[in-house]
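Visitor: I would like to look at a protein with its ligand and ask how each label is justified. Please show it to me.

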Amino acid sequence: MASTLFDLTGRIALVTGSSRGIGRVTAEALADAGATVVLNGLKPERLENTRAEFAAKYGEGNVAAYAFDVTDGDAVATAVTAIEAEVGPIRILVNNAGIQYRVPMLELAIEDWNRVITTNLTSAFIVGREVARVMIERGRGKIINIASVQTDLARPGIAPYTASKGGIRNLTRAMTAEWAGKGLQINAIAPGYIHTEMTQNLIDDEAFNSWIIGRTPAARWGTPADLGGPAVWLASDGSDYVNGQVIFIDGGMTVVV
Ligand code: NAP
């Protein structure tokens, strides 16, 4: 029973920003559950290296890679059409691509604000809308937006990131309001502090590192692998009546002060 509920065999999953970090590990978890994964990133060489590693592990037929900018509406539309024609029907979308930019708000340029909001929030609308069009035609699909503990909590120095991740919560709800009745389930995963390239500088900062460990009930950083189980669940039939939720995977950080 359980293996059927969480089995993704034959389902095609597009994971944006999956050439490294959380996106890559999420794609691995989906592939481990049987999905054919479509990888994405900006830098073609890094993406091709990741694709080759997936192909070696899961087989050439179970992975594809498309380099495109998730903030470029035309590029996204072209890529989704190509994926549907060349790989097959997209059943699962993970809107993961994102960036961080740390500057106090009084020194923050409007261009930098816009860049972070566009990459982290508008991209989920652009890719989500394009993929939802074809999912709705088929009457089924799963969209997982990657949020953050900054969906709930603010910290100084990362205003556009915090605003973008708060926006992801309500974009997830807006998608649910419009598309859940057409057979789609849209939810978000909110990772806590996860050790990736994006956060390596925070781990190297001894004071910040010990603050995180003290602030987290689980008393450790998360690993990208911690996100795999919840991602498979939200991508599978096991979550067919879960709609519009943000699932925090943060070692308990957002439930304590
Ligand atoms: P990362 O290691 O910096 O990787 C970012 C990925 O996104 C790369 O594959 C990058 O491609 C891709 N990307 C960036 N801009 C893109 C664009 N415009 N178009 C297409 N791809 C783009 O980041 P990460 O730490 O894994 O974070 C991934 C997601 O998780 C983000 O949404 C982030 O906000 C969220 N998150 C991370 C943490 C954490 O602790 N790390 C916690 C909570 C939430 P290239 O390699 O080609 O640049």
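Visitor: What makes a residue one of those that surround the ligand, and how many are there?
Guide: A residue is near the ligand if one of its heavy atoms lies within 4 Å of it. By that rule 30 residues surround the ligand, and Ser19, Ile22, Lys43, Arg46 and Tyr161 are the closest. This is a predicted model, in which local features need pLDDT of at least 70, side-chain atom pairs count only at pLDDT 80 or more, and totals for chains, interfaces and linings use all residues. Residues are numbered from 1 along each chain as its sequence is written, and side-chain values use heavy atoms, with hydrogens and water left out.

Visitor: Why is the pair formed by Tyr161 and the ligand called a polar contact?
Guide: A polar contact is a pair of N or O atoms within 3.5 Å (within protein, one must be able to donate a hydrogen and the other to accept it, and residues adjacent in sequence count only if both atoms are side-chain atoms). An N or O atom in the side chain of Tyr161 is 2.6 Å from an oxygen atom of the ligand, so the pair qualifies. A backbone N or O atom of Ile22 also qualifies, because it lies 2.7 Å from a ligand oxygen atom. For Val70, a polar backbone atom is 3.1 Å from a nitrogen atom of the ligand.

Visitor: How much of the ligand does the protein bury?
Guide: The protein buries 95% of the 910 Å² that the ligand exposes when taken alone. These areas come from the Shrake-Rupley method with a 1.4 Å probe; for residues, only the protein chains shown count as cover.

Visitor: Which residue classes make up the shell around the ligand?
Guide: The shell has 12 nonpolar, 13 polar and 5 charged residues. Ala, Val, Leu, Ile, Met, Phe, Trp, Tyr, Cys and Pro count as nonpolar, Asp, Glu, Lys and Arg as charged, and the others, Gly among them, as polar.

Visitor: Where does the ligand sit?
Guide: The ligand takes up the space of the largest pocket, since a molecule sits in a pocket if more than half of its atoms lie within 2 Å of its grid points. On a 1 Å grid over the protein atoms alone, a pocket is an open set with protein on both sides within 12 Å along at least five of seven lines, whereas a cavity is a set of points where a 1.4 Å probe fits but cannot get out; lining residues have an atom within 4 Å of a point. The largest pocket has a volume of about 1000 Å³. It is lined by 43 residues, and Ala97, Gly98, Ile99, Gln100 and Met198 are the closest to its centre.

Methods
Points joined across faces, edges and corners; volume = space filled by probe spheres on them.
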